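I opened the notebook with the sequence beside the structure and kept a list of things to look up. The entries below follow the order in which I looked.

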Amino acid sequence: MLYRGSLKGGVSALLRYLPDGTLDSSFGEGGVATVNGGGPQGITAIATQPDGGIVGVAACGKHCSFEVFRLQADGSIDPSFGNGGFVFGRFTGPSPRTVEIDRRGASSSPAAFTG
């Protein structure tokens, strides 16, 4: 089970729990993976891909409207995704609140993009 939250300093965190309710020590550092790419102000959605990777969407700071990030199954940032694990964008409308994984394992987040 994954839980998303925020830490001090604009850092977001994902916690992964085992079925017995303890943190999964094989994920991140002691069960906690942190995300700090461009100043996330909170993870709004997460989804797990078939290979165990995790795709998330977060609101971000002044230079973008949102960021999409990908973690590897062990909770580390996936450097092969986007630019060092992150894709930043701007759009009109509300912040993305969902991440969808298709049959191929690709992710999408509904939003109306601008320039």
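**Entry 1: Asp78**

In which loop does Asp78 lie? I traced the chain and found Asp78 in the loop between strand 6 (66-71) and strand 7 (86-89). I noted at once that I was reading a predicted model, and I kept that in mind for every value below.

Next I asked whether Asp78 is buried or exposed. Its relative accessible area is 8%, and Asp78 therefore counts as buried, since the cut-off is under 20%. I then listed what Asp78 touches, leaving out residues up to four places away in sequence, and found Arg70, Leu71, Gln72, Gly84 and Gly85. With one of these, Arg70, the side chain of Asp78 makes a polar contact at 2.7 Å, and the two side chains also meet in a salt bridge.

**Entry 2: Salt bridges**

How many salt bridges does a search of the whole structure find? I counted 3, and I looked at each of them in turn.

Having already met the pair of Asp78 and Arg70, I turned to Asp51, whose side chain meets that of Arg70 in a salt bridge at 2.7 Å, N to O. This pair links distant parts of the chain, with Asp51 in the loop between strand 4 (42-48) and strand 5 and Arg70 in strand 6, 19 residues apart. I wrote down that Asp51, Arg70 and Asp78 are linked in a network of salt bridges. As for cover, Arg70 is buried, with a relative accessible area of 9%, whereas Asp51 has 54% relative accessibility and so counts as exposed.

The remaining entry on my list was Arg16, which forms a salt bridge with Asp24, the closest N and O atoms being 3.0 Å apart. I checked both partners for burial: Arg16 counts as buried at 19% relative accessibility, and because the cut-off is under 20%, I noted the value itself beside the label. Asp24 is buried too, with a relative accessible area of 11%.

**Entry 3: Gly53**

I stayed in the loop between strand 4 and strand 5, where Gly53 is found. Its relative accessible area is 1%, and Gly53 is therefore buried. Not counting residues up to four places away in sequence, Gly53 touches Ala47, Thr48, Arg70, Leu71, Gln72 and Ala73. I also took the C-alpha to C-alpha distance from Gly53 to Ser76, which came to 9.4 Å for two residues 23 apart in sequence.

**Entry 4: Nonpolar cores**

Which residues make up the largest nonpolar core? I listed Leu14, Phe27, Ala33, Val35, Ile43, Ile54, Ala58, Phe69, Leu71 and Phe86, 10 residues in all. Strand 3, strand 5 (54-59) and strand 6 each supply at least two residues of this core. A second, separate core has 5 residues, including Val55, Val57, Val68 and Phe81.

I then took Phe69 as the residue to follow through its contacts. Leaving aside neighbours within four places in sequence, Phe69 is in contact with Leu14, Val35, Ile43, Ile54, Val55, Gly56, Val57, Phe81, Gly85 and Phe86. I added a reminder that in soluble globular proteins, nonpolar side chains tend to be buried together.

**Entry 5: The chain as a whole**

Stepping back, I recorded 0 helices and 11 strands in the protein chain. Of its 115 residues, 40% count as buried. The accessible surface comes to about 6,300 Å², of which 53% belongs to carbon and sulfur atoms. Among the contacts with a separation of 6 or more, residues 24 or more positions apart account for 36%.

**Entry 6: Confidence**

Where is confidence lowest, and where is it highest? I found the lowest mean, 37, in strand 11 (residues 112-113) and the highest, 88, in strand 3 (residues 32-35). Over residues 109-115 the pLDDT is below 50, although this stretch has 16 contacts in the model beyond near neighbours in sequence. Where pLDDT is low, the predicted coordinates should not be read in detail. For the protein chain the average pLDDT is 76, and 63% of the residues score at least 70.

Notes. Residues numbered from 1 in each chain as written. Predicted model: local features only at pLDDT ≥ 70, side-chain atom pairs only at ≥ 80, totals over all residues. Heavy atoms only, no water. Helix = DSSP H or I, 4+ residues; strand = E, 2+ residues; numbered from the N terminus. Buried < 20%, exposed > 50% of the residue type's maximum accessible area, 1.4 Å probe, protein only. Contact = heavy atoms within 4.5 Å. Areas by Shrake-Rupley, 256 points an atom, 1.4 Å probe, with all protein chains shown as cover. Polar contact = N/O pair within 3.5 Å; in protein donor to acceptor, adjacent residues only side chain to side chain. pLDDT = per-residue confidence, 0-100. Core = buried A, V, L, I, M, F, W, Y, C linked by side-chain atoms within 4.5 Å. Salt bridge = Lys/Arg side-chain N within 4 Å of Asp/Glu carboxyl O.
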